[in-house]
Amino acid sequence: MKRIASSPLLFAFIAFIVGLNLRPILASIGPLFTVLQREVGLSATAFSLLTTLPVAMMGVAAFSGPWLLVRA
């Protein structure tokens with residue numbers, strides 16, 4: 001099996017594209033605060049978890065990077 005050499009420029013480009021994809025997901029919840037609070041009855045604390053949990057999960061998933069590199 002032929003292994004492709006990794007390129008830092010390619011990695012930076014892919015990280016940039018993934019970041020562009022994630023930004024709307026995290027930024028779109030703010031304008032919906034009043035609607036969600038009124039319709040669902042979310043408190044400010046519960047509402048803050050809607051943006052905190054995805055960021056926390058991305059941080060937790062980052063720890064799997066070394067394991068994935070070893071397995072590749």
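Is V55 buried, partly exposed or exposed? I will come back to that residue in a moment, but let me say at the outset that what we are looking at is a predicted model, and that everything I describe should be heard with that in mind.

To answer what I opened with, V55 is partly exposed, at a relative accessible area of 45%, and since the cut-off for calling a residue exposed is over 50%, the value of 45% leaves V55 in the intermediate class. V55 sits in helix α3, and its C-alpha atom lies 10.0 Å from that of L22, although the two residues are 33 apart along the chain.

Let me step back to the chain as a whole. There are 4 helices and 0 strands, so that, because only helices and strands count as elements here, the order read from the N terminus is simply α-α-α-α. Of the 72 residues, 3% count as buried.

Now to the pair of helices that I would like you to look at on the screen, namely α2, which covers residues 33–40, and α3, which covers residues 44–62. Two packed helices are described by the angle between their axes and the distance between the axes. For α2 and α3 the angle is about 125°, and the axes are 11 Å apart, and the two helices are therefore oblique to each other. As for handedness, the crossing in which α2 passes α3 is right-handed.

Which residues of α2 and α3 make the contact? From α2 they are F33, L36 and Q37, while α3 contributes A44, F47 and L50. Sorted by character, the residues of this contact comprise 5 nonpolar and 1 polar, with no charged residue among them.

Charged side chains do pair up elsewhere in the model, and here the account is brief, as the structure holds 1 salt bridge. It joins the side chains of R38 and E39, with a nitrogen-to-oxygen distance of 3.6 Å, which falls inside the cut-off of 4 Å. Are these two partners buried or exposed? E39 is exposed, having a relative accessible area of 60%, and R38 likewise counts as exposed, at 58% relative accessibility.

To draw this together, we have a predicted model with four helices in a row along the chain, an oblique pairing of α2 with α3, and a salt bridge between R38 and E39.

Terms used: Residues numbered from 1 in each chain as written. Predicted model: local features only at pLDDT ≥ 70, side-chain atom pairs only at ≥ 80, totals over all residues. Heavy atoms only, no water. Axes fitted to C-alpha atoms, helices over the stretch in contact; angles between N-to-C directions. Parallel < 35°, antiparallel > 145°, perpendicular 65-115°, else oblique. Left-handed = near helix turned anticlockwise from the far one by under 90°. Contact = heavy atoms within 4.5 Å. Nonpolar A, V, L, I, M, F, W, Y, C, P; charged D, E, K, R; others polar. Buried < 20%, exposed > 50% of the residue type's maximum accessible area, 1.4 Å probe, protein only.
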